[in-house]
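Here are my notes on the model, point by point. Please read them with the structure open.

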Amino acid sequence: MFKSRKHGVFAVSEEVVVSIPVGRKDKRRDALTISDALETIYQQMRISGNHPRTIESYSYIFNQFTDMSLLKYVDEITIDSIYSCLDNLQVSASTKLIRLKTIKAVLSNFFDNGWIKEKFWNNIHIKIDKEVKKGTKESDIEKLLSVIDQSSFIGFRDMAAIKLMYTTGIRIRTLGELRESHIDFDSLHLNLDGSTLKNHKFLKLPINERA
């Protein structure tokens, strides 16, 4: 029992025990936070030569995702949290697709670093209706060729390039990599090896004498 001194109707003990509440131990202290993971990812991107604007875009979109989903740790990210975020975005389907691609890119970096064991986001897709572009008509090509001075070397070159792209459908990048060895003048075919095409597969295309 403590002795006390009385002051009026109040008694104050000579020994006061102050109880200081001890904070609860953080059970997740060993879990990787999303902010730490992103800092590492962005550092890797800078070292790899990614443009600062690209990193800023990644940061904005992924931070929006984690803020909307109230996520703090990497292992809290689930397929449901991604769907929920996309569902609550008040943007067009094409913009949602851009956001999803960015989220997938960041998560793929998480996977490559060993922080996520499975690429569950690969099953998430957004379907958008793409506008079908109208094909160029032969009359359009004739109008274009009519304004080219085909008597000059540059004009003749441009005329040949336009006709070849129109008749074969090859890309301008493929056109720039064409060599004489790719052209079979006897059978009138282009023999394109994988190095000249986007899908790296061999392709044989017919051409005509006009091209």
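1. T174 sits in helix α7, which covers residues 172–176. The model is predicted, so these notes describe a prediction. T174 is buried, at a relative accessible area of 3%. What does T174 touch, leaving aside residues up to four places away in sequence? The partners are L192, T196 and L197. L192 belongs to strand β4, residues 189–192.

2. Next, the overall layout. The protein chain holds seven helices and five strands. Read from the N terminus, the order is β-β-α-α-α-α-α-α-α-β-β-β. Of its 211 residues, 28% count as buried. Take the contacts with a separation of 6 or more: residues 24 or more positions apart account for 45% of them.

3. Helix α4 spans residues 93–112, 20 residues in total. From first C-alpha to last, α4 reaches 28 Å, close to the 28 Å expected at 1.5 Å a residue. Its buried residues are K96, L97, R99, L100, T102, I103, K104, V106, L107, S108 and F110. Which helices do the buried residues of α4 pack against? They pack against α1 (34–47), α2 and α3 (79–88). After α4 comes G114, with a positive phi near 85 degrees.

4. One link between α2 and α4 can be followed by C-alpha distance. S57 lies in helix α2. R99 is among the buried residues of α4. The two are 42 residues apart along the chain, yet their C-alpha atoms are separated by 9.7 Å. S57 itself is partly exposed, with a relative accessible area of 35%.

5. Now the aromatic rings. The count comes to four aromatic pairs. In one of them, F62 and F65 have ring centres 5.4 Å apart and planes at 70 degrees; planes over 60 degrees apart count as edge-to-face, so this pair is edge-to-face. Both F62 and F65 are buried. Why are F62 and F65 separated by about one helical turn? Because they are three residues apart in helix α2, residues 52–69. An α-helix has 3.6 residues a turn, so residues three or four places apart point the same way.

6. F62 and F65 also belong to a cluster. Ring pairs link them with F110 and W115. F110 is one of the buried residues of α4, so the cluster includes residues of α2 and α4.

7. A further pair involves sequence neighbours. The rings of F120 and W121 have centres 5.1 Å apart and planes at 80 degrees, so this pair is edge-to-face too. F120 is buried, with a relative accessible area of 16%. W121 is buried as well, with a value of 0%.

8. How do α2 and α3 cross? Their axes come within 9 Å and cross at roughly 100 degrees. The two helices are therefore roughly perpendicular to each other. On the α2 side, F65, M68 and S69 make the contact; on the α3 side, S81, I82, C85 and N88 do. By class, that is four nonpolar, three polar and no charged residues. F65 thus has two roles, in the ring pair with F62 and in the contact with α3.

9. Helices α5 (residues 138–146) and α6 (residues 153–168) pack at about 170 degrees, with axes 11 Å apart. That makes α5 roughly antiparallel to α6. From α5 come E138, I141, L144 and L145; from α6 come M159, I162, K163 and Y166. This contact has six nonpolar, no polar and two charged residues.

10. Finally, two backbone points to check by eye. L70 is not a glycine, but its phi is positive, about 55 degrees. L70 lies in the loop between α2 and α3. Is L70 buried or exposed? At 74% relative accessibility, L70 counts as exposed. L188 also has a positive phi, near 55 degrees, and is a residue other than glycine. L188 is placed in the loop between β3 (183–184) and β4 (189–192). L188 is partly exposed, with a relative accessible area of 26%.

Key. Residues numbered from 1 in each chain as written. Predicted model: local features only at pLDDT ≥ 70, side-chain atom pairs only at ≥ 80, totals over all residues. Heavy atoms only, no water. Phe/Tyr/Trp six-rings, centres within 6.5 Å; stacked < 30°, edge-to-face > 60°. Helix = DSSP H or I, 4+ residues; strand = E, 2+ residues; numbered from the N terminus. Buried < 20%, exposed > 50% of the residue type's maximum accessible area, 1.4 Å probe, protein only. Expected span 1.5 Å × (residues − 1). Contact = heavy atoms within 4.5 Å. Axes fitted to C-alpha atoms, helices over the stretch in contact; angles between N-to-C directions. Parallel < 35°, antiparallel > 145°, perpendicular 65-115°, else oblique. Nonpolar A, V, L, I, M, F, W, Y, C, P; charged D, E, K, R; others polar.
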